[in-house]
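Grab a coffee and open the viewer. Here are a few exercises to work through, each with a solution laid out step by step.

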Amino acid sequence: MTSFTLEGSATCTAPGATVAAMLTVGSTDQEAAFSQANVEVIGGAAASANAKRARIILVSDLPFADELPLDAISLDGDFQGLSVTAVEHVGTATMLDGTEGSALAVTLGGDLGAPGARGVMVFGPGSFSNAAASGEATLAAEEALVTFHVAEGFYEDDTFTFPVSLENGRFSSDAQAGHFSFADPSLSATSFAVDANDATRGTLAVEATADTPLNQFKALSAALDADDQLAVDPIALEGEAPVAIAHPSYYDGDEATEDAVSTADAAAAVPYGTVKAKSVTENQDGSLTVHNTVEFSALDGSVKITDFNRTGNSQITLPGQAPTLPPDYGLGETGDAGILEGNPGAVVFTDVRENGFDFDFGIDAETVKSWYGAYTESGLAKEQANEQFLEEMTQLMCGHEVDLADGVVLNKLGIAQGPCAVNLSDESLASIVGGTALYSQEDDMRTAKTVFEVLEKLVSAISYFCSSDPSNIGQGISQILGIIAALLETGPQYDIKDVLDELNQMKGQLTRMETSVDNLAIQLRAIDKRGGFESDWYQVKWLMDHLNSYGTLYTATIGTMTEEELANGGFDATTFEELTEENQKTLTSFKQAIDAKNGLLNTTVYADTVNLGSMITGTGTKDVVSDYYNWIETYYNWDPETFEIKDVYLGCMITSYLYGYLSSMAYLSTVEGTGTDAEKLNATLAKEDLGKQADQVLKKLVGQRERVWDQDSMTYKEKFQKSPLRQATEPLANKKIRCLINEHVYSLDNHTGPLSGRMYDDAYFGNASFGKSVERDDVLMYSFTGELNLAQWQQMEANLPQVRKIKYSQKPLHDYGLDMSDASNIFSELRALGFTLLAVRTENTHTGDSPKGRPKPLVQWKSKEAPPAHVVVSDASYNKVSDQLAVRHVRSVSVDVYDIKASRILRGVTAARHESVYWVGYGWGYLHDVWPWCTSETKYERRGMV
């Protein structure tokens with residue numbers, strides 16, 4: 001006898017008492033008839049915890065019986081005390097494997113219990129069209145959470161109307177506005193409508209009575225951001241379940257930071273502005289009037305200036321440049337009609353409009369002679385000199401901020417956002433920030449790479465001159481230009497003119513790169529309004545724009561020297577005094593221009609250079625490169641996505657510092673030749689300090705030379721070792737790729753099955769199993785050990801390019817031979833990256849024991865086909881499905897999984913089902929050991945398949 005079924009029950013009241021039972025005996029030569037339905041909760045949805053009742057919608061691969069008796073359904077696990085009160089056929093629905101099945105709504109009565117409850121619904125004989133079939137489904141209960149999507153709504157006539165969504169529950173068809181009660185008496189819900197096609201969504205209208213739209217919005221935000229200012233009546237939900245307010249958040253990997261996104265932040269606009277120096281007017285007294293324009297715009301909102309007064313404007317403030325106008329100044333007086341001549345440094349608005357303004361400021365005659373004169377006397381044509389000077393003026397104004405008063409910047413709902421500080425950028429920003437591309441032109445994608453190619457030439461060239469014979473003219477000129485430490489391999493023997501030409505080329509690239517960083521900062525800020533690096537970036541940008549402007553002055557003066565002049569008339573020179581009179585004059589003019597500029601800016605090129613250098617090396621209060629890398633990586637999933645972005649930023653840092661370093665060294669070298677003894681000493685000491693800092697800056701940003709032992713030649717050789725920051729802009733070796741969400745490095749080798757080995761290990765193989773003594777519940781439970789938890793998977797989905805809507809350069813990914821352009825979900829992104837995502841297992845071959853060498857007597861269990869799109873994100877829950885003492889036991893294990901194709905959480909999905917019977921004469925054995933679906937490549941299949 002190989003199997004039997006015991007039906008009925010009885011209680012043994014005393015030894016020897018008779019127990020009534022029905023015993024069915026089967027032949028040892030026959031396979032036991034067996035039919036098991038696969039039953040699931042549709043979409044893996046969880047019921048609302050603590051609800052008074054629940055309506056569970058299930059789907060089965062076998063049709064449910066037309067007349068399904070209530071007593072055919074039983075409950076176990078945490079739901080054992082509940083009752084089945086009603087069943088209803090609801091047509092068909094889609095199962096987890098994508099196939100269509102028979103759908104059934106089952107109503108449960110009783111308290112569903114606390115969040116995290118797990119149980120099983122067992123369908124006995126008579127539940128399906130095949131009367132002998134049985135099946136079960138795992139049930140889950142989680143806290144009902146309601147989210148108010150204010151930023152997706154609108155505001156009109158003192159009323160906010162916005163979508164509402166519900167997780168772990170459904171709105172009742174009777175839900176109404178009265179079920180939403182605000183503690184603030186100035187707020188009241190006036191209407192609520194449930195979506196006709198989706199009971200988890202609805203639309204709520206809230207009327208506000210505060211005095212202004214801004215105060216109304218503040219009241220609404222305060223209510224929605226708190227946990228106790230808005231009560232949702234349980235009657236609004238099916239089953240009368242209590243509901244909590246969900247607060248939107250992001251995951252940046254730092255548990256110490258606040259990741260919640262407030263209502264005000266979600267609806268906030270991200271303003272930006274551009275500035276340009278348009279023209280200059282030379283006044284009779286030798287002073288200069290510079291005419292400028294500023295334009296504003298905003299992502300997720302708008303800018304609307306309403307005060308058009310040119311004097312005493314109440315909505316626009318220029319910090320550090322407040323006008324100091326005479327009391328008798330009249331509105332009719334124009335900006336260049338004498339007011340600026342008598343008040344150098346004063347700012348006059350010449351036009352104010354809804355999205356910007358024009359303004360003038362003056363430069364006194366003495367400063368003009370030294371500064372503007374450095375351009376006009378450089379040999380450039382007047383038009384070219386003006387163009388160079390205006391470019392420098394624009395660079396100086398970039399990085400400065402303009403304060404806009406409350407009411408100027410409007411958020412997504414058209415409501416005043418409050419005072420805003422807008423950092424100004426180059427005018428090219430306006431042409432790219434409204435689009436989707438990080439770069440304005442296709443060839444800009446290679447800008448950063450080009451900068452580093454130029455940089456290597458430049459540093460190599462100057463390094464070459466520094467290491468030349470002291471009698472060589474290069475040594476004297478290099479003292480003026482500044483000595484950069486010999487960090488890179490010496491390149492071809494460039495002349496000084498080549499170096500200056502490279503500097504000119506880098507100047508334009510710096511502006512382009514800086515604008516790209518500006519654009520990215522604005523775009524990322526608009527994604528989830530999280531605080532981050534952008535405030536530090538604007539501090540860095542202010543210094544960069546200053547040093548860029550000094551670089552413009554540097555290349556416009558020293559850069560105009562002819563090759564003969566640069567050769568010092570054919571004479572060697574190791575000190576300033578040995579230079580020709582013409583060269584001394586050029587450098588003295590450069591120094592005077594720097595002095596005049598320093599006075600106007602109330603800073604020095606040396607101070608700005610040292611300040612930026614300390615922020616780069618991290619010796620000050622900031623580490624602006626490492627911090628930027630860390631910030632950027634929170635918005636992306638894989639390191640190749642960030643290569644170009646980091647390259648651009650790194651190029652900005654080193655180019656700006658290089659301009660400041662060269663300008664400072666040229667200035668200090670001139671002071672050494674023209675100053676007093678004290679000034680000469682201070683200049684020499686300053687050069688030494690700056691040289692040491694430059695060495696550290698270049699080591700951190702670029703790298704350094706190292707002596708390494710060459711085994712072949714048995715000698716030491718010099719090898720250039722790139723810095724970690726530089727290496728972070730390039731692909732890893734051996735087709736490796738770093739996940740920025742969990743900091744793991746994975747192989748893209750299709751023959752190693754990296755995901756099955758790392759990211760997708762779950763409850764199926766090696767982590768959980770069933771013991772054979774199941775009557776003692778000898779089950780090894782699965783504990784979550786996955787490399788990505790639920791919050792990380794959800795952040796990965798939020799970081800998808802199609803979700804962020806910010807394109808990045810594809811070139812680094814193309815270097816891998818990858819194309820991410822069609823990655824619409826995490827699954828397709830992983831496939832595009834080349835990960836092995838196998839393994840639909842269509843048939844379970846481990847279906848029965850063979851006790852004492854006897855042949856397997858049972859039919860195979862054909863398991864469901866399921867894509868490898870479900871990843872485990874929880875510990876396992878254990879359920880007793882059926883328990884017939886000493887005869888038959890059925891156990892199941894369920895887990896929560898995340899569907900990386902549909903971007904949804906599936907609660908309480910059956911991960912494994914175990915059925916065992918007692919074999920008469922042989923002992924316990926497996927009847928079935930079933931894995932209904934699998935998420936990864938199995939250990940029984942060949943690795944490397946897709």
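**Exercise 1: a bridge between two loops**

In this predicted model, the side chains of E238 and R170 form a salt bridge, with N and O 3.2 Å apart. Work out which parts of the chain the pair ties together.

Solution. Start with the addresses: E238 sits in the loop between β17 and β18, while R170 sits in the loop between β13 and β14 (180-182). The pair therefore ties together parts that are 68 residues apart in sequence. Next, check the accessibility. Partly exposed runs between the 20% and 50% cut-offs. E238 has a relative accessible area of 29%, so it is partly exposed. R170, at 25%, is partly exposed too.

**Exercise 2: a second bridge**

Find which side chain E240 meets in a salt bridge, and say how many residues in sequence separate the parts it ties together.

Solution. The partner is K52, at 3.2 Å from N to O. E240 is in the loop between β17 (230-232) and β18 (243-245), and K52 is in the loop between β4 (47-48) and β5 (53-60), so the tied parts are 188 residues apart in sequence. Now for accessibility: E240 comes out at 26%, which means partly exposed. K52 has 52%, so it counts as exposed. For context, the structure holds 24 salt bridges.

**Exercise 3: a bridge within a helix**

D545 forms a salt bridge with K541. Is D545 buried or exposed? And what separates the two residues along the helix?

Solution. First the distance: the closest N and O atoms are 3.6 Å apart. Both residues belong to helix α11 (residues 534-557), and because they are four residues apart there, about one helical turn separates them. Then the accessibility: buried means under 20%. D545 has a relative accessible area of 2%, so it is buried. K541 has 0%, so it is buried as well.

**Exercise 4: around Q721**

Place Q721 in its strand, then list its contacts beyond four places in sequence.

Solution. Q721 is part of strand β29 (residues 715-722). Its relative accessibility is 31%, so it counts as partly exposed. Leaving out residues up to four places away in sequence, Q721 touches V702, G703, Q704, E706 and Q727. Take Q704 from that list: it is 17 residues from Q721 in sequence, yet the C-alpha atoms are 5.5 Å apart.

**Exercise 5: a charged patch**

Which residues form the negative surface patch that includes D158?

Solution. The members are E156, D157, D158 and E207. D158 itself lies in the loop between β12 (154-156) and β13 (159-167). Its relative accessibility is 37%, so D158 counts as partly exposed.

Technical notes:
Residues numbered from 1 in each chain as written. Predicted model: local features only at pLDDT ≥ 70, side-chain atom pairs only at ≥ 80, totals over all residues. Heavy atoms only, no water. Buried < 20%, exposed > 50% of the residue type's maximum accessible area, 1.4 Å probe, protein only. Contact = heavy atoms within 4.5 Å. Patch = residues over 30% accessible without salt bridge, like charges linked within 9 Å, V, L, I, M, F, W, Y side chains within 5 Å. Areas by Shrake-Rupley, 256 points an atom, 1.4 Å probe, with all protein chains shown as cover. Salt bridge = Lys/Arg side-chain N within 4 Å of Asp/Glu carboxyl O. Lys, Arg positive; Asp, Glu negative; His and termini not counted. Charge placed at Lys NZ, Arg CZ, Asp CG, Glu CD.
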